[in-house]
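Please walk me through this structure, starting with the ligands and what surrounds them. I would also like to hear about the helices and a few individual residues.

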Amino acid sequence: MSSSEKNHDLPAVALLFDLRADFVSAAPYGSGHINDTYCAYYDQAGLRVRYIHQRINHNIFTNPAALMDNISRVTEHALAKLVSEKNAEAYRRTLTCIPAVTGKPYAIDADGNYWRTYPFIERARTYDILETAAQAEEAARAFGEFQKLGADLGGEPLAETIPDFHNTKVRFQNLKKAIADDPHGRAAGVQAEIDWFLAREEEGSKVVDLLEAGEIPVRVTHNDTKLNNVMLDDVSGEGVCVIDLDTTMNGSAVYDFGDMVRTATSPAAEDEVDTSKIKMRIEMFEALVKGYLKSANAFLTDKERSLLAFSGKLLTIECGTRFLADYLMGDVYFKIHKDGHNLDRTRSQMALAESIESQMNEMEAVVAKYS
Ligand code: ADP
Ligand code: GN1
Ligand code: MG
């Protein structure tokens with residue numbers, strides 16, 4: 001069950017932040033798998049405004065203070081840049097943390113939950129499934145711009161909020177441990193899925209090995225570039241604001257691009273059970289490449305560019321190992337909304353990876369066209 005259904009006391013949360021507005025109401029919001037997100041209405045001296053309150057999942061992010069320090073640094077850097085460029089809507093183009101009454105960018109409630117508050121980005125929305133190639137292009141351009149920001153962040157390295165987050169080798173080890181432990185006796189029922197993933201283990205090492213060998217650079221990246229982590233303007237469709245910054249830390253540009261391919265190219269939802277509906281649409285892939293390279297061509301190395309088509313397959317397989325491991329472990333990581341939800345997600349990743357595998361040559365040709 002979604003932990004958003006837990007009874008959080010939002011009026012009490014409201015009092016923890018320096019909002020200078022009267023709380024009106026709040027309701028669970030969005031379709032994220034990790035945090036508990038609420039949209040709250042406030043009356044601000046007679047004007048109705050919205051804020052996002054988010055309970056950070058501290059079982060997953062075990063050092064919320066360090067995480068919020070990362071987010072403060074990244075968002076303050078983004079804001080300073082937008083302001084210096086005299087952008088007329090700087091506060092709509094980056095998340096900004098509303099300070100708690102303590103002055104910190106987060107607050108702790110009576111139950112020990114960590115909360116943060118962001119202005120609600122109005123007149124824009126996130127998508128779970130893309131409708132047009134223009135949206136894919138804009139989403140990818142915005143994530144590329146975000147990586148550009150990361151490049152000139154400066155200072156100490158960002159805290160590693162989840163160790164080995166995209167270490168696909170470790171992800172496979174975790175899957176194998178879940179198969180061996182099998183605490184809920186589920187492994188026997190999913191032998192075909194297990195075999196499918198284990199047959200792809202070797203490919204899983206490719207990017208990790210290149211990073212370790214120094215053949216591709218470590219960069220400050222977003223690391224969770226799922227389509228519903230970028231807000232597109234309601235009118236112009238422009239990618240206005242990259243959100244969900246919990247995993248912004250050292251990573252590879254290749255991982256960020258791969259997760260865009262995973263989440264933005266299929267016409268079906270991530271938990272679609274009719275796998276015949278799941279496919280990698282080459283026109284969406286082309287739009288992603290076009291949009292991403294608009295902002296990233298300037299800094300990507302040839303080696304990184306050569307991995308863009310492969311990255312879609314890699315991230316889809318990686319995410320599938322995570323869903324399958326979580327299914328075996330008893331659904332302890334990703335929020336589920338029905339029995340077998342993580343298994344449905346696993347199978348959808350398998351179908352998508354197969355669709356990608358069958359179009360790898362066409363995908364390589366698209367990357368070559370825009371490089
Ligand atoms: P999770 O880590 O659970 O995915 P997100 O930070 O992605 O949490 O938030 C979940 C959803 O809430 C997003 O997909 C988006 O639709 C919405 N959302 C988050 N932050 C904002 C914001 N500042 N303004 C408007 N909508 C937001
Ligand atoms: C989670 O938080 P959300 O829903 O944007 C997960 C991603 C997965 C994704 C799969 C911190 O993303 O890594 O790719 O689910 N985030 C974390 O849908 O684990
Ligand atoms: Mg999210």
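The paragraphs below take up the two ligands, then some helices, then single residues.

The model shown here is predicted. Ligand 1 is a convenient place to begin. Around ligand 1 there are 20 residues, and the nearest are Gln 54, Ile 121, Thr 126, Asn 228 and Asp 244. Two side chains from this set also appear among the polar pairs with the ligand. Gln 54 places a polar side-chain atom 2.7 Å from an oxygen atom of ligand 1, and Thr 126 has a polar side-chain atom 2.8 Å from an oxygen atom of ligand 1. The protein covers 96% of the 550 Å² of accessible area that ligand 1 has on its own. The backbone takes part as well: a polar backbone atom of Asn 35 is 3.0 Å from an oxygen atom of ligand 1.

What kinds of residue make up the shell around ligand 1? By class, the shell divides into 10 nonpolar, 9 polar and 1 charged. Strands β3 (47–55) and β5 (114–119) each supply at least two residues of this shell. Both domains are represented in the shell around ligand 1, since at least three residues come from each of domain 1 (3–122) and domain 2 (133–370).

Ligand 2 can be described in the same order. It is surrounded by 17 residues, of which His 33, Lys 226, Glu 270, Arg 322 and Tyr 333 are the closest. In the side chain of Glu 270, an N or O atom is 2.6 Å from an oxygen atom of ligand 2. For Arg 322, an N or O atom of the side chain is 2.8 Å from an oxygen atom of ligand 2. A further arginine, Arg 262, has a polar side-chain atom 3.3 Å from an oxygen atom of ligand 2. Taken alone, ligand 2 exposes 450 Å², and the protein buries 97% of that.

The shell around ligand 2 has 7 nonpolar, 4 polar and 6 charged residues. Which helix gives the most to this shell? It is α11 (residues 308–329), with 3 residues. As with ligand 1, each of domain 1 (3–122) and domain 2 (133–370) contributes at least three residues to the shell around ligand 2.

Helix α11 can be followed further. Its 22 residues should span 32 Å at 1.5 Å a residue, and its end C-alpha atoms are 32 Å apart, so expectation and model agree. The helix is mostly covered, with 21 of its 22 residues buried. After α11 comes Gly 330, whose phi is positive, near 95 degrees.

The loop between α11 and α12 (341–357) contains Lys 335. Is Lys 335 buried or exposed? Its relative accessible area is 7%, which means that Lys 335 is buried. The side chain of Lys 335 makes a polar contact with the side chain of Asp 36, at 3.0 Å. Lys 335 and Pro 11 are 324 residues apart along the chain, and their C-alpha atoms are separated by 24 Å.

Another helix, α4 (residues 133–151), allows a similar check on length. At 1.5 Å a residue its 19 residues should span 27 Å, and because its end C-alpha atoms are 27 Å apart, the two values agree. Helix α4 is mostly covered, with 14 of its 19 residues buried. Ala 151 can be set beside Thr 75: the two are 76 residues apart in sequence and 14 Å apart in space, C-alpha to C-alpha. Thr 75 is found in helix α2 (residues 64–84). With a relative accessible area of 4%, Thr 75 is buried.

Last come two residues with notable backbone angles. Most residues other than glycine have a negative phi. Arg 20 is not a glycine, yet has a positive phi of about 50 degrees. Arg 20 sits in the loop between α1 (10–15) and β1 (22–28). Its relative accessible area is 67%, so Arg 20 is exposed.

Asn 223 also has a positive phi, near 75 degrees, in a residue other than glycine. Its place is the loop between β7 (219–221) and β8 (230–233). Where Arg 20 is exposed, Asn 223 is buried, with a relative accessible area of 3%.

Conventions: Residues are numbered from 1 along each chain as its sequence is written. Chains are lettered from A and ligands numbered from 1 in the order in which they are written. This is a predicted model: local features need pLDDT of at least 70, side-chain atom pairs count only at pLDDT 80 or more; totals for chains, interfaces and linings use all residues. Side-chain values use heavy atoms; hydrogens and water are left out. A residue is near a molecule or strand if one of its heavy atoms lies within 4 Å of it. A polar contact is a pair of N or O atoms within 3.5 Å; within protein, one must be able to donate a hydrogen and the other to accept it, and residues adjacent in sequence count only if both atoms are side-chain atoms. Accessible areas come from the Shrake-Rupley method with a 1.4 Å probe; for residues, only the protein chains shown count as cover. Helices (H or I, at least four residues) and strands (E, at least two) are DSSP runs, numbered from the N terminus. Ala, Val, Leu, Ile, Met, Phe, Trp, Tyr, Cys and Pro count as nonpolar, Asp, Glu, Lys and Arg as charged, and the others, Gly among them, as polar. Domain bounds come from an automatic or database domain assignment. The expected span of a helix is 1.5 Å times one less than its number of residues. Buried means under 20% relative accessible area, exposed over 50%, partly exposed in between (1.4 Å probe, protein chains only).
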